[in-house]
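Student: Could we go through this model together, starting with how its helices pack and then turning to its empty spaces?
Tutor: Gladly, let us look at it first.
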Amino acid sequence: MIFYFSGTGNTKWAAERLAAETQERLLFIPEETKTKCEYTLADDERIGFCFPVHGWQPPHVVRQFVDRLTITNAAGHYAYALCTCGDSTGLAMKMFGKELAEKGIELQSCQSLIMPESYVCLPFMYTDTPEREREKKEQAKQDLHLFINIVKERQSGYSRLTKGLTPWTFSYVIGAYFNRFMITDSKFTVDADVCLHCGLCAKTCPTDNIEFNEVPQWKNDSSCTCCLSCYHHCPVHAINYGKITRRRGQYYYKP
């Protein structure tokens, strides 16, 4: 059983590879939150979690899911987690592991994958150059291949995380501020005269936060994770987040 969340597709790619190699079911967290979040594992079934790092913390949709999660027979089953990030994870996996432990699930192995950058809403953050994007994807393929073998063999004690400099500060100070005050859909705008009315933004929103009525309208119901899937998938760059993204690039995972 693999639970995953993905916005622009980096984590979806990794989760699908894991599911294909381990022959285990793949469950999309936003869809699972519409249920009771109660599960029973098959014999020898692993428990996997895959998600992107948002502001050096797990995304709130993932944390909310774990808070509701009940696995009746989790004891004795191998558990692992994989996260994707643009440069570093901070202590996101430590935070996630602690919250899982409260549910009786102990992580045996962890992996981070450095993937192409997609968060472009701060002054110093941009999408990667095409060359850097290719480099990250190629390295991620190699790192994921190694981790898949770790998972298949159920190896314990494996932890390969790119925490970065001063990870505590990034996760518990900067990340805490970011996730409390900067995760909002209130700054999204659409240039109606540019919009193609294709509805792709609504279709790709992982949390169903967009209603499409000629142009996209964000629901302002706290479900937005600021993954920027709507922004990055817009074929004509009609969607922006404030003014800062008007001169920024777009990215979503393509094989």
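Student: Is the crossing of helix 1 and helix 5 left-handed or right-handed?
Tutor: This is a predicted model, and in it the crossing of helix 1 and helix 5 is right-handed. The two elements cover residues 10-22 and residues 130-152 respectively, and their axes come within 10 Å and cross at roughly 40 degrees. Because angles under 35 degrees count as roughly parallel, helix 1 is oblique to helix 5.

Student: And which residues make that contact?
Tutor: Helix 1 brings Trp13, Ala14, Arg17, Leu18, Glu21 and Thr22, while helix 5 brings Ala140, Lys141, Leu144, Ile148, Val151 and Lys152. By class, the residues of this contact between helix 1 and helix 5 are seven nonpolar, one polar and four charged.

Student: OK, what about helix 3 and helix 4, at what angle do they pack?
Tutor: Helix 3 (residues 60-68) and helix 4 (residues 92-101) pack at an angle of about 20 degrees, and their axes are 9 Å apart. That makes helix 3 roughly parallel to helix 4, and the crossing of this pair is right-handed.

Student: Who touches whom there?
Tutor: On the side of helix 3 the contact is made by Val62, Arg63 and Val66, and on the side of helix 4 by Met95, Phe96, Glu99 and Leu100. Five of the residues in the contact of helix 3 with helix 4 are nonpolar, none is polar and two are charged.

Student: Switching to empty space, what volume does the largest pocket have?
Tutor: The largest pocket has a volume of about 370 Å³. Its lining is made up of 19 residues, and Ser6, Gly7, Gly9, Lys12 and Thr204 are the ones nearest its centre.

Student: Which helix gives the largest share of that lining?
Tutor: Helix 1 does, with three residues, although helix 7 (200-204) and helix 8 (229-233), like helix 1, each supply at least two residues of the lining of the largest pocket. In chemical terms, that lining divides into seven nonpolar, seven polar and five charged residues.

Student: How many cavities of 30 Å³ or more are there?
Tutor: The structure holds three of them, and about 440 Å³ of space lies in the largest cavity.

Student: What lines the largest cavity?
Tutor: The lining of the largest cavity has 29 residues, with Val53, His54, Glu117, Ser118 and Tyr119 nearest its centre. Helix 1 and strand 6 (79-85) each supply at least two residues of this lining, which divides overall into 14 nonpolar, 13 polar and two charged residues.

Key
Residues numbered from 1 in each chain as written. Predicted model: local features only at pLDDT ≥ 70, side-chain atom pairs only at ≥ 80, totals over all residues. Heavy atoms only, no water. Axes fitted to C-alpha atoms, helices over the stretch in contact; angles between N-to-C directions. Helix = DSSP H or I, 4+ residues; strand = E, 2+ residues; numbered from the N terminus. Parallel < 35°, antiparallel > 145°, perpendicular 65-115°, else oblique. Left-handed = near helix turned anticlockwise from the far one by under 90°. Contact = heavy atoms within 4.5 Å. Nonpolar A, V, L, I, M, F, W, Y, C, P; charged D, E, K, R; others polar. 1 Å grid on protein atoms, 1.4 Å probe; cavity = no way out; pocket = protein on both sides within 12 Å on 5 of 7 lines; lining within 4 Å. Points joined across faces, edges and corners; volume = space filled by probe spheres on them.
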